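Thanks, everyone, for making the time this morning. I would like to walk through one model with you, helix by helix, and then stop at a few single residues.

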Amino acid sequence: MRVWSVHPRYLDRQGLVACWRETLLAQAVLAGRTKGYRGHSQLVRFRATADPLAAVCAYLGVLAVEADERGYRFDRSRIDRAVALDAVAPLPVTEGQVAYEWAHLRAKLATRSPDRYALVRDVTDVEVHPLFVRVPGPVEPWEKT
């Protein structure tokens, strides 16, 4: 499961769709609708919030907006509840985590989506998903490097 910390604008089609599906799975886990993936490491940051389900719903809302901007139709009815970003406290993400994910994504794009890679290869100031706020620090302890 990869719930990206980087802004979804950087993801290629495959990455955006996979992130949507995997975050829907994370939502199901946090809502208690599935027994699998309950211990998945990336859920740590959502579980650390006052309302984990609201946080993941807000995350999904941003993915749906990105999909709309690209002409895709993500089924918003699959999001448990509509949650505005400003209704959820930003989740911290370390600079090290962002750098790790950025390198990981660029490597994927270089082989899988050269056209998308060409659009992002020179980006040096990587934006994060709007649910997150950068903080100093290394790669997150939950990341499997």
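**Helices, their packing and a few loop residues**

Let me begin with helix α4, residues 95–112, which has 18 residues and reaches 25 Å from its first C-alpha to its last, close to the 26 Å expected at 1.5 Å a residue. Please keep in mind throughout that this is a predicted model. The buried residues of α4 are Gly-96, Gln-97, Val-98, Glu-101, Trp-102, Leu-105 and Leu-109, and what they pack against is a mixture of helices and strands, namely α2 (44–47), β1 (91–94), α5 (114–120) and β2 (132–135).

Staying at this end of α4 for a moment, Ser-113 sits in the loop between α4 and α5. Is Ser-113 buried or exposed? Its relative accessibility is 10%, and because the cut-off for buried is under 20%, Ser-113 counts as buried. If we set aside neighbours within four places in sequence, Ser-113 is in contact with Asp-12, Gln-14 and Lys-108.

Now to α1, where the 18 residues should span 26 Å at 1.5 Å a residue, and where the end C-alpha atoms are indeed 26 Å apart, in agreement with that expectation. The buried residues here are Gly-15, Leu-16, Cys-19, Trp-20, Thr-23, Leu-24, Ala-26, Gln-27, Ala-28, Val-29 and Leu-30, and they pack against α2, α3 and α4. Just after α1, Gly-32 takes a positive phi of about 80 degrees.

Helix α3 also has 18 residues, which should span 26 Å at 1.5 Å a residue, and its end C-alpha atoms, 26 Å apart, agree with this. Of those 18 residues, 13 are buried, so α3 is largely enclosed by the rest of the structure. One residue of α3 that I would single out is Gly-61, which is partly exposed, with a relative accessible area of 21%. Just after α3, Gly-71 takes a positive phi of about 85 degrees.

How, then, do these two helices meet? The axes of α1 (residues 13–30) and α3 (residues 52–69) come within 10 Å and cross at roughly 160 degrees, and as an angle over 145 degrees counts as roughly antiparallel, the two helices are therefore roughly antiparallel to each other. Their crossing is left-handed. On the α1 side the contact is made by Leu-16, Cys-19, Trp-20, Thr-23, Leu-24, Ala-26, Gln-27 and Leu-30, and on the α3 side by Pro-52, Leu-53, Val-56, Cys-57, Tyr-59, Leu-60, Leu-63, Ala-64, Glu-66 and Ala-67. Sorted by class, this contact has 15 nonpolar, two polar and one charged residues.

Let me finish with Phe-74, which is found in the loop between α3 and β1 and is buried, with a relative accessible area of 12%. Which residues does Phe-74 contact, leaving aside its neighbours within four places in sequence? They are Leu-16, Val-17, Trp-20, Leu-63, Ala-64 and Ala-67, and among these Leu-16, Trp-20, Leu-63, Ala-64 and Ala-67 also take part in the contact of α1 with α3. As for distances, the C-alpha atoms of Phe-74 and Gly-61, 13 residues apart along the chain, are separated by 9.9 Å, while those of Phe-74 and Ser-5, 69 residues apart along the chain, are separated by 20 Å.

Conventions
Residues are numbered from 1 along each chain as its sequence is written. This is a predicted model: local features need pLDDT of at least 70, side-chain atom pairs count only at pLDDT 80 or more; totals for chains, interfaces and linings use all residues. Side-chain values use heavy atoms; hydrogens and water are left out. Axes are lines fitted to C-alpha atoms, for helices over the stretch in contact, and angles run from 0 to 180 degrees between N-to-C directions. Helices (H or I, at least four residues) and strands (E, at least two) are DSSP runs, numbered from the N terminus. Angles under 35 degrees count as roughly parallel, over 145 as roughly antiparallel, 65 to 115 as roughly perpendicular and the rest as oblique. A crossing is left-handed if the near helix is turned anticlockwise from the far one by less than a right angle, and right-handed if clockwise. Contact means heavy atoms within 4.5 Å. Ala, Val, Leu, Ile, Met, Phe, Trp, Tyr, Cys and Pro count as nonpolar, Asp, Glu, Lys and Arg as charged, and the others, Gly among them, as polar. The expected span of a helix is 1.5 Å times one less than its number of residues. Buried means under 20% relative accessible area, exposed over 50%, partly exposed in between (1.4 Å probe, protein chains only).
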